[in-house]
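Here's a quick tour of one structure, taken in two stops. Have the sequence and the 3D view open as you read.

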Amino acid sequence: MRVTILSKLYELQGGYISGTDLAEELGVSRVAVWKHIDALKQEGYDITGVSGKGYTLNNWQNIILPAEVKQKLVNSHFVKEVMFYPTLNSTNELAKELARNNTEKGLVVVAGKQTAGKGRLGRRWESPPGGLWFSIILKPKLALHELSLLSLVFAVAVAKALDNFLPTPTSLKWPNDVFINEKKLAGILLEVSGQIDNIDHVIVGIGINVNILPENIPIDKENVTSLLAETNRELVNSHILAVILSYIEDYYHLFLQTGFAKIRQEFKEKCFHLGKNISINQPKHTITGLNIDIDEQGSLVLEVGQDVVYITTGDVKII
Ligand code: BT5
């Protein structure tokens with residue numbers, strides 16, 4: 001019943017429906033409607049009741065109705081289930097817990113906001129309402145050295161999917177940040193569990209600044225952007241999610257079936273620091289050089305004086 005009420009409010013796209021009409025449509029009492037609305041509010045849905053007008057679901061664009069996303073992906077063999085929570089600490093954390101408890105591959109966990117969103121290397125990922133914060137459980141049969149390539153595969157998939165919504169194309173920063181005009185729009189975090197020669201599962205966490213103004217993301221405004229800032233309009237998160245998931249499915253299968261070669265080429269075409277002088281921080285020092293390639297193993301290749309250096313981890317900065 002709660003899901004039905006939520007869908008009705010969602011369909012109104014910010015419009016109002018009276019408690020009486022809702023009760024009539026659903027064949028329940030007005031008190032029952034009120035109780036369900038109250039429970040939805042407790043769960044974190046932003047619903048207001050205005051006397052004389054009825055109930056409205058605020059910020060409906062940011063809410064994911066799992067059934068709607070699944071319907072958009074009817075032909076997908078990749079997405080098995082979608083779960084949405086108005087608030088979570090981190091979608092990666094919940095996905096990890098579910099994967100440990102034998103949840104099958106293909107589950108997608110989405111949050112309206114995260115209170116402890118995670119970036120790479122223990123960094124924080126700011127996840128206010130309006131963004132698309134989600135994680136996918138995968139169980140690929142891959143060797144450990146192939147897993148680092150997955151990061152680049154998903155980066156290309158997310159960037160290409162987002163190009164459908166943007167006036168200017170996205171670019172990529174190695175290994176997996178999606179940028180526009182040198183400002184970060186989206187980030188990806190891969191977490192792997194299992195033994196070296198026997199991967200149990202991979203959690204792919206993806207964060208995209210959609211309906212958020214950059215000033216509402218508490219990091220340096222110069223370095224961050226959003227779909228709202230780039231397009232000047234609010235987008236519907238469930239639509240973006242469905243498009244991204246279908247690109248991820250295609251690129252993931254392309255990678256599993258044919259390998260990294262074609263995706264590597266696409267990554268290089270989008271990579272904004274290829275051919276430039278960059279510095280990259282390593283645990284004990286910083287390496288500076290000309291970024292001449294991204295190789296078949298997904299490593300960043302730098303020309304440093306007479307030497308060629310292969311980098312497998314670190315943060316790129318353009319000099
Ligand atoms: C990433 O880390 O870019 C990976 C971000 C993954 C987030 C998703 S959201 C769903 C899932 N659940 C999670 O808990 N995480 C994943 P990294 O490359 O380490 O970048 C982190 C850095 O980006 C921070 O140190 C900030 O400088 C910057 N940053 C933080 N929040 C940001 C945001 N919303 N937009 C742009 N930049 C941000």
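How far does a polar side-chain atom of lysine 184 lie from an oxygen atom of the ligand? The gap is 2.8 Å. Keep in mind that this is a predicted model.

## Around the ligand

Lysine 184 has company. On the side-chain front, serine 90 puts a polar atom 2.7 Å from a ligand oxygen. Arginine 120 uses its backbone instead: a polar atom there sits 2.8 Å from an oxygen of the ligand. Once in place, the ligand has 90% of its area buried by the protein, out of the 800 Å² that it exposes when taken alone.

Zoom out a little and the ligand turns out to be surrounded by 26 residues, with Ser90, Lys118, Arg120, Arg123 and Lys184 the closest. The space it fills is the largest pocket. Which elements give two or more residues to the shell? They are helix 5 (91–100), strand 5 (132–138), strand 8 (183–195) and strand 9 (198–208). Strand 8 chips in the most, with four residues.

## A five-stranded sheet

Now over to an open sheet, where five strands line up in the order 13-12-11-10-14 and pair antiparallel. Strand 13 (307–311) and strand 14 (316–318) sit at the edges, each pairing on one side only. On average, neighbouring strands here are turned by 45 degrees against each other, ignoring direction.

At the strand 14 end, the partner is strand 10 (residues 277–281): the two run antiparallel and are joined by three bridges. Take serine 279, whose bridge partner in strand 14 is lysine 317.

Notes: Residues are numbered from 1 along each chain as its sequence is written. This is a predicted model: local features need pLDDT of at least 70, side-chain atom pairs count only at pLDDT 80 or more; totals for chains, interfaces and linings use all residues. Side-chain values use heavy atoms; hydrogens and water are left out. Two strands pair if DSSP finds at least two bridges between them. Axes are lines fitted to C-alpha atoms, for helices over the stretch in contact, and angles run from 0 to 180 degrees between N-to-C directions. A residue is near a molecule or strand if one of its heavy atoms lies within 4 Å of it. A polar contact is a pair of N or O atoms within 3.5 Å; within protein, one must be able to donate a hydrogen and the other to accept it, and residues adjacent in sequence count only if both atoms are side-chain atoms. Accessible areas come from the Shrake-Rupley method with a 1.4 Å probe; for residues, only the protein chains shown count as cover. On a 1 Å grid over the protein atoms alone, a cavity is a set of points where a 1.4 Å probe fits but cannot get out, and a pocket is an open set with protein on both sides within 12 Å along at least five of seven lines; lining residues have an atom within 4 Å of a point. A molecule sits in a cavity or pocket if more than half of its atoms lie within 2 Å of its grid points.
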